[in-house]
Amino acid sequence: MDWTDLIDVAFDVAGDGSGDRRAAAVRTVEATIAPGERPVAATAARHPDHFRKGTLVLTTHRLLFLKDGKPPLPVPLEAVTEVRVSRTTFNGEVLQVVALTGAHRFEDVVKAEPFAERLRAGAAAARSAYEAALAAAAPVAPAPASAAPAAAADGEDLLDRLERLAALRTAGALTEEEFSRAKQRLLG
């Protein structure tokens, strides 16, 4: 499933037939995609500050709330600490997401519990990957001078680690300061 299909499904669930809103949502998401980011799930929801429903999109890197082609409200998955679903008389199924970046509430969520389960699983996987990237950024012992063929492999490994750090910074998981410190540790 690609971004267009996923967003189309979410807008169908929301009951919005506007092709302009769909196209704007796809353009908005595609403009902010991180390297390796893929769509996972989507549903319709309403943010408490808005009257009309928008689209909640879960990716491999973050949770996005899209509405009317505006810049998405991103929540990095590695920052998610808690996901709760409740039901109220006036707001239907309510999805509450607590993250290091703040708390978010989405109301009248369509199929909130299955979406919340996927969000919990994605957040756990993202935290594990984040912790592994931080562990990989630990100082590396210098290679002996006689290991010339191994030096090329170490160079590729170093490049992979730097790319992972850059992806974490791009996704908002690392601040600029954390990124600089981790890069310094990698480079010795």
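Here are some notes on two helices, an aromatic pair and a pocket in this predicted model.

1. Let's start with helix H3, which covers residues 112-136. With 25 residues at 1.5 Å a residue, H3 should span 36 Å, and the 35 Å between its end C-alpha atoms agrees with that.

2. Which residues of H3 are buried? The list takes in Ala112, Phe115, Ala116, Leu119 and Gly122, and it carries on through Ala123, Ala126, Tyr130, Ala133 and Ala136. Keep Ala126 in mind, as this buried H3 residue comes back in the pocket, where it is among the residues closest to the centre.

3. On to the pocket itself. The largest one holds about 320 Å³ of space. It is lined by 15 residues, and those closest to its centre are Thr60, His61, Ala126, Ala129 and Leu168.

4. Where does that lining come from? H3 gives the most, with six residues. Helix H4 (148-170) joins H3 in supplying at least two residues each. By character, the lining of the largest pocket splits into nine nonpolar residues, three polar and three charged.

5. Helix H5 is worth a look too. Its 12 residues, 176-187, should span 16 Å at 1.5 Å a residue, and the end C-alpha atoms are indeed 16 Å apart.

6. Phe179, Ala182 and Leu186 are the buried residues in H5. Looking down the helix axis, you find these buried residues within an arc of 70°, so they line one face of H5. What sits on the face turned away from the buried side of H5? That face carries Glu177 and Gln184, which are exposed.

7. Now for the aromatics. The count comes to one aromatic pair, made by Phe65 and Phe106. Their rings are 5.5 Å apart centre to centre, with 35° between the planes, and the pair is classed as tilted. A pair counts as stacked with planes under 30 degrees apart and as edge-to-face over 60, so an angle between those cut-offs gives the tilted label.

8. What does this pair tie together? Phe65 belongs to strand S3 (residues 62-66) and Phe106 to strand S7 (residues 102-106), so the contact links parts that are 41 residues apart in sequence.

9. Are the two partners buried or exposed? Buried means under 20% relative accessible area. Phe65 has 5% relative accessibility, so it counts as buried. Phe106, at 1%, counts as buried too.

Methods:
Residues are numbered from 1 along each chain as its sequence is written. This is a predicted model: local features need pLDDT of at least 70, side-chain atom pairs count only at pLDDT 80 or more; totals for chains, interfaces and linings use all residues. Side-chain values use heavy atoms; hydrogens and water are left out. Helices (H or I, at least four residues) and strands (E, at least two) are DSSP runs, numbered from the N terminus. The expected span of a helix is 1.5 Å times one less than its number of residues. Buried means under 20% relative accessible area, exposed over 50%, partly exposed in between (1.4 Å probe, protein chains only). Rings of Phe, Tyr and Trp (its six-membered ring) pair if their centres lie within 6.5 Å; planes under 30 degrees apart count as stacked, over 60 as edge-to-face and the rest as tilted. On a 1 Å grid over the protein atoms alone, a cavity is a set of points where a 1.4 Å probe fits but cannot get out, and a pocket is an open set with protein on both sides within 12 Å along at least five of seven lines; lining residues have an atom within 4 Å of a point. Grid points are joined across faces, edges and corners, and a volume is the space filled by probe spheres set on the points. Ala, Val, Leu, Ile, Met, Phe, Trp, Tyr, Cys and Pro count as nonpolar, Asp, Glu, Lys and Arg as charged, and the others, Gly among them, as polar. The arc is that of the directions from the helix axis to the C-beta atoms.
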